[in-house]
Amino acid sequence: VFEEYIDIVLEGDYREGQGWGGRYGYFFGGMQIQGICAYFYGERHPEMGIELDRCRINSMVDNPLFKQDDRKKPGQCRDGRSNCEDCRTTEISDIFS
């Protein structure tokens, strides 16, 4: 796994505004490990990954909705769901980072 992570970084297929492989990492921290992990488990090895609660595990305390100036639909949840939790209101005692 570690060697494959290195290969992903060296390959360098990060596209500005689109993320790793053009799909993962267009969010805050996306160029770093958060985006690489999403790409690794979502695109390359979906059979190995599980989705964690983004408001409680490694919370980035980001806005869950796209803004007007983003390339996605304004007001749409960043995680693709129809309803999304606002992690900015999560109690600190509930966060594991």
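Okay, let's start with a sulfur pair: Cys-77 and Cys-84 are joined by a disulfide, with the two S atoms 2.2 Å apart. Before I go on, keep in mind that this is a predicted model. The torsion about that S-S bond is about -85°, so the Cys-77 to Cys-84 link is left-handed. How do its two ends sit, buried or exposed or partly exposed? Cys-77 is buried, at a relative accessible area of 4%, and Cys-84 is partly exposed, at 22%. For the cut-off people, buried means under 20% here, so Cys-84 at 22% goes into the partly exposed class.

How many disulfides does a search of the whole structure find? It finds 2. The other link to look at is Cys-55 to Cys-87, with an S to S distance of 1.9 Å. That one has -75° about the S-S bond and is left-handed. It ties together distant parts of the chain: Cys-55 and Cys-87 are 32 residues apart, and each is in the segment after α2. Both ends are tucked away, since Cys-55 is buried with a relative accessible area of 1%, and Cys-87 also counts as buried, at 1%. If you count the bonded cysteines along the chain, the pattern comes out as 1-4, 2-3.

Now, there's another cysteine to mention, Cys-37. Why is there no bond from Cys-37? Because the closest cysteine sulfur, the one in Cys-87, is 17 Å from the sulfur of Cys-37, and that is too far. A disulfide here needs the sulfurs within 2.5 Å. As for exposure, Cys-37 counts as partly exposed, with 28% relative accessibility.

Let me zoom out for a moment. The protein chain has 2 helices and 2 strands, and from the N terminus on the order of elements is α-β-β-α. The helix I keep naming, α2, covers 33-44. The C-alpha trace spans about 35 × 30 × 20 Å along its principal axes. There are 97 residues in the chain, and 22% of them count as buried.

Next, the rings. A search of the whole structure turns up 4 aromatic pairs. One of them is Tyr-14 with Trp-20: the ring centres are 5.4 Å apart and the planes are at 70°, so this pair is edge-to-face. Trp-20 counts as buried, at 6% relative accessibility. Another is Phe-40 with Tyr-41, where the centres are 4.8 Å apart and the planes are at 80°, so that pair is edge-to-face too. The cut-off for that label is an angle over 60 degrees. What about the exposure of those two partners? Phe-40 counts as buried, at 1% relative accessibility, whereas Tyr-41 counts as partly exposed, at 29%. Phe-40 and Tyr-41 also belong to one aromatic cluster together with Tyr-5.

On to the polar side chains. Glu-51 is in the segment after α2, and it is exposed, with a relative accessible area of 60%. Which side chain does the side chain of Glu-51 make a polar contact with? That would be Arg-81, at 2.8 Å. Glu-51 can also be placed relative to Ala-38: the two are 13 residues apart in sequence, and their C-alpha atoms are 9.4 Å apart in space.

His-45 is found in the segment after α2 as well. Its exposure figure is a relative accessible area of 18%, so His-45 is buried. The His-45 side chain makes a polar contact with the side chain of Glu-4, at 2.9 Å.

Last stop, the surface. Ile-50, Leu-52, Ile-57 and Phe-96 form a nonpolar patch there, and together they have about 450 Å² of accessible area. Of those, Leu-52 lies in the segment after α2.

To recap with the numbers on the board: 2 disulfides, 4 aromatic pairs, and a nonpolar surface patch that includes Leu-52 and Phe-96. That's what I have, so over to you.

Technical notes. Residues numbered from 1 in each chain as written. Heavy atoms only, no water. Patch = residues over 30% accessible without salt bridge, like charges linked within 9 Å, V, L, I, M, F, W, Y side chains within 5 Å. Areas by Shrake-Rupley, 256 points an atom, 1.4 Å probe, with all protein chains shown as cover. Salt bridge = Lys/Arg side-chain N within 4 Å of Asp/Glu carboxyl O. Helix = DSSP H or I, 4+ residues; strand = E, 2+ residues; numbered from the N terminus. Phe/Tyr/Trp six-rings, centres within 6.5 Å; stacked < 30°, edge-to-face > 60°. Buried < 20%, exposed > 50% of the residue type's maximum accessible area, 1.4 Å probe, protein only. Polar contact = N/O pair within 3.5 Å; in protein donor to acceptor, adjacent residues only side chain to side chain.
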